Amino acid sequence: NSKTDQSDIMKEILESTQEELSSTQEELEFIKEQLEKAKYVIHKQQRVFITCQKEIFLLKHDLIQIKKFVKDMISKFLDEFRNTSSTIKKKSISLKDISRQIVAKQNFE
């Protein structure tokens with residue numbers, strides 16, 4: 001009887017252990033699936049990140065080009081402004097001379 005009891009107890013322990021192992025195996029399979037999904041998501045995010053890095057690089061390049069263009073335009077505008085200002089001063093002096101000549105001529109007559 002004692003052997004039968006021990007045998008039954010061992011059987012129950014073995015069955016219980018097998019159930020736990022089976023349950024653990026299912027949990028491990030589930031975890032493995034979740035890890036595969038996470039791995040896929042991370043890989044996808046890495047590709048998106050790399051694409052973003054490329055876009056940022058291109059935008060920086062564009063920004064540098066825009067800054068250079070604006071700087072050149074401002075420089076050209078200032079040059080034109082200086083030239084126009086100089087021309088206005090020359091014409092102003094010329095008009096003053098003509099005005100003096102007219103006044104002198106009127107006073108002479």
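Me: A patch of like charges joins residues that have over 30% relative accessible area and no salt bridge, with the charges within 9 Å of each other. In this predicted model, which residues form a negative surface patch?

Reply: The negative surface patch is formed by Asp5, Asp8, Glu12, Glu15, Glu19 and Glu20. The patch is called negative because Asp and Glu count as negative.

Me: What makes Glu12 exposed, and what is the class of Glu15?

Reply: The cut-off for exposed is over 50% relative accessible area, while partly exposed runs from there down to the buried limit of 20%. Glu12, found in helix H1, which spans residues 2-108, has 54% relative accessibility and therefore counts as exposed. Glu15, which also lies in helix H1, has 44% and so counts as partly exposed. Both values also satisfy the accessibility condition for a patch, since that condition asks for over 30%.

Me: How many helices and strands are there in the protein, and why is the protein said to be more spread out than a compact globule?

Reply: The protein has 1 helix and 0 strands. Its radius of gyration is 46 Å, whereas the globule rule gives 13 Å for 109 residues; the value is well over the rule, so the protein is more spread out than a compact globule. The box filled by the C-alpha atoms, taken along the principal axes, is roughly 155 × 20 × 10 Å. Two pairs of C-alpha atoms illustrate distances within the chain: Glu15 and Glu109, 94 residues apart along the chain, are separated by 137 Å, and Ile50 and Lys76, 26 residues apart in sequence, are 39 Å apart in space.

Me: What share of the 109 residues counts as buried?

Reply: Buried means under 20% relative accessible area, and by that cut-off 0% of the 109 residues are buried. The protein exposes about 10900 Å², of which carbon and sulfur atoms supply 61%.

Me: Which residues make the nonpolar surface patch, and why is Met73 called partly exposed?

Reply: Ile66, Phe69, Val70, Met73, Ile74, Phe77, Leu78 and Phe81 make this patch, whose area is about 810 Å². Met73 lies in helix H1, and its relative accessible area of 41% falls between the 20% and 50% limits, so Met73 is partly exposed. The reasoning carries over to Ile50, another residue of helix H1, which is partly exposed because its relative accessible area is 43%.

Me: How do you know that the side chains of Asp79 and Arg82 meet in a salt bridge, and how many salt bridges does a search of the whole structure find?

Reply: A salt bridge requires a side-chain nitrogen of Lys or Arg within 4 Å of a carboxyl oxygen of Asp or Glu. For Asp79 and Arg82 the distance is 3.0 Å, N to O, which meets the cut-off and therefore makes the contact a salt bridge. The search finds 2 salt bridges; Arg100 and Asp97 meet in one at 3.2 Å, N to O.

Me: Why are Arg100 and Asp97 separated by about one helical turn, and are these residues exposed or partly exposed?

Reply: Arg100 and Asp97 are 3 residues apart in helix H1, so about one helical turn separates them, and Asp79 and Arg82 are likewise 3 residues apart in that helix. Arg100, at 54% relative accessibility, counts as exposed, whereas Asp97, at 34%, counts as partly exposed. Asp79, at 38%, counts as partly exposed.

Conventions: Residues are numbered from 1 along each chain as its sequence is written. This is a predicted model: local features need pLDDT of at least 70, side-chain atom pairs count only at pLDDT 80 or more; totals for chains, interfaces and linings use all residues. Side-chain values use heavy atoms; hydrogens and water are left out. Helices (H or I, at least four residues) and strands (E, at least two) are DSSP runs, numbered from the N terminus. The radius of gyration is taken over C-alpha atoms; the globule rule is 2.2 Å times the number of residues to the power 0.38. Buried means under 20% relative accessible area, exposed over 50%, partly exposed in between (1.4 Å probe, protein chains only). Accessible areas come from the Shrake-Rupley method with a 1.4 Å probe; for residues, only the protein chains shown count as cover. Patches are made of residues with over 30% relative accessible area and no salt bridge: like charges are joined within 9 Å, nonpolar side chains (Val, Leu, Ile, Met, Phe, Trp, Tyr) within 5 Å. The place of a charge is taken as NZ of Lys, CZ of Arg, CG of Asp or CD of Glu.
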